[in-house]
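Student: Before we look at anything in detail, could you take me through how to read a fold, from the whole chain down to single residues?

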Amino acid sequence: HTIGACSFDAGTVICLLGDMPVGSEGTVNIITLVDPVVLGQINNTAIVNAQDAVPSQASQSTIVEGSANLAVVSSAAPNPVTAGQSLTYTIVVSNSGPSQARQVKVNNTIPSAATFSSSPDCAKAGAAIICNLGELSAGASITTTFVVDIDPGAVEAQSSSSTVFAN
């Protein structure tokens, strides 16, 4: 059977359970929804107190991890490109949440007939082009570009791929 009632005020839940016979137990279930921007450790402390009794306390810590759903779309212009000309790749990363994505990076592989030229957010790292885009809020998107020069001797179709990841 249910006894007592709970109220919430300024981050504290107070439950008045009424009189409890010696040897009895009471359970209070509190269900919370963690804000998607809260990451790391959260703590809960329960304190029970009664008239003419010594207070008792218990604590519980929980680690909250983020969950970001990232998508990447890549396009190139001009298309088609003429051998010996520059090609600009546009990368759009979106985060459908529910959490903020941290340390967002895009790893791009470029065609063998292309040489990295320039970018505001990307740099050549070995055979890849890495774009460091920082943090991306849930529901937001970010766009970046990089330019490659196509080898004047290129005669076949060229393709690239992009992969997005975050911590």
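Tutor: We will go from the overall form to one sheet, then to its aromatic rings, and finally to a single serine, keeping in mind that this is a predicted model.

Student: How many helices and strands does the protein chain have?

Tutor: An inventory of secondary structure is the usual place to begin. Here the protein chain comes to 0 helices and 12 strands, and from the N terminus on, the elements run β-β-β-β-β-β-β-β-β-β-β-β.

Student: Is the protein chain compact or spread out?

Tutor: One reads this by setting the radius of gyration against the value that the globule rule gives for a chain of this length. In this case the radius of gyration is 28 Å, well over the 15 Å that the rule gives for 167 residues, so the protein chain is more spread out than a compact globule. The box filled by the C-alpha atoms, taken along the principal axes, is roughly 90 × 25 × 25 Å.

Student: What share of the residues is buried, and what surface does the protein chain expose?

Tutor: Buried residues make up 19% of the 167 residues, while the exposed surface is about 11,500 Å², of which carbon and sulfur atoms supply 52%. Contacts add another view: among those with a separation of 6 or more, 61% are between residues 24 or more positions apart.

Student: How should I read a sheet, and which strands form the one that contains E6 and E11?

Tutor: Strands of a sheet pair through backbone hydrogen bonds, and the pairing may be parallel or antiparallel. In this structure, 4 strands form an open sheet in the order E5-E6-E11-E8, with antiparallel pairing. Strand E5 (68-77) and E8 stand at the edges with a single partner strand each, so one side of each is left without a neighbour in the sheet. From one strand to the next, the twist averages 30°.

Student: Over how many bridges do E6 and E11 pair?

Tutor: E6 and E11 pair in the antiparallel sense over 9 bridges; to follow one of the contacts by residue, take Ser-86, whose bridge partner in E11 is Asp-149.

Student: Which aromatic rings pair, and how are they arranged?

Tutor: For ring pairs one reads the distance between centres together with the angle between planes, where under 30 degrees counts as stacked. By this rule there are 2 aromatic pairs. Tyr-89 and Phe-146 form a stacked pair, at 5.1 Å centre to centre and with 25° between the planes; Tyr-89 lies in strand E6 (residues 86-98) and Phe-146 in strand E11 (residues 141-150), so that distant parts of the chain, 57 residues apart, are linked. Both Tyr-89 and Phe-146 are buried. The rings of Phe-116 and Phe-146 have their centres 6.5 Å apart and their planes at 40°, so this pair is tilted. Phe-116 lies in strand E8 (residues 114-118) and Phe-146 in strand E11, so the pair ties together parts 30 residues apart in sequence. Both Phe-116 and Phe-146 are buried, and the ring pairs link Tyr-89, Phe-116 and Phe-146 into a cluster.

Student: To end with a single residue, where is Ser-61 found, and what is it in contact with?

Tutor: Ser-61 is found in strand E4 (residues 56-64) and is partly exposed, with a relative accessible area of 40%. Leaving aside neighbours within four places in sequence, Ser-61 is in contact with Gln-41, Ile-42 and Asn-43. Thr-109 is 48 residues from Ser-61 along the chain, and the C-alpha atoms of these two residues are separated by 42 Å.

Conventions: Residues numbered from 1 in each chain as written. Predicted model: local features only at pLDDT ≥ 70, side-chain atom pairs only at ≥ 80, totals over all residues. Heavy atoms only, no water. Phe/Tyr/Trp six-rings, centres within 6.5 Å; stacked < 30°, edge-to-face > 60°. Helix = DSSP H or I, 4+ residues; strand = E, 2+ residues; numbered from the N terminus. Buried < 20%, exposed > 50% of the residue type's maximum accessible area, 1.4 Å probe, protein only. Pairing = 2+ DSSP bridges. Axes fitted to C-alpha atoms, helices over the stretch in contact; angles between N-to-C directions. Rg over C-alpha atoms; globule rule 2.2 N^0.38 Å. Contact = heavy atoms within 4.5 Å. Areas by Shrake-Rupley, 256 points an atom, 1.4 Å probe, with all protein chains shown as cover.
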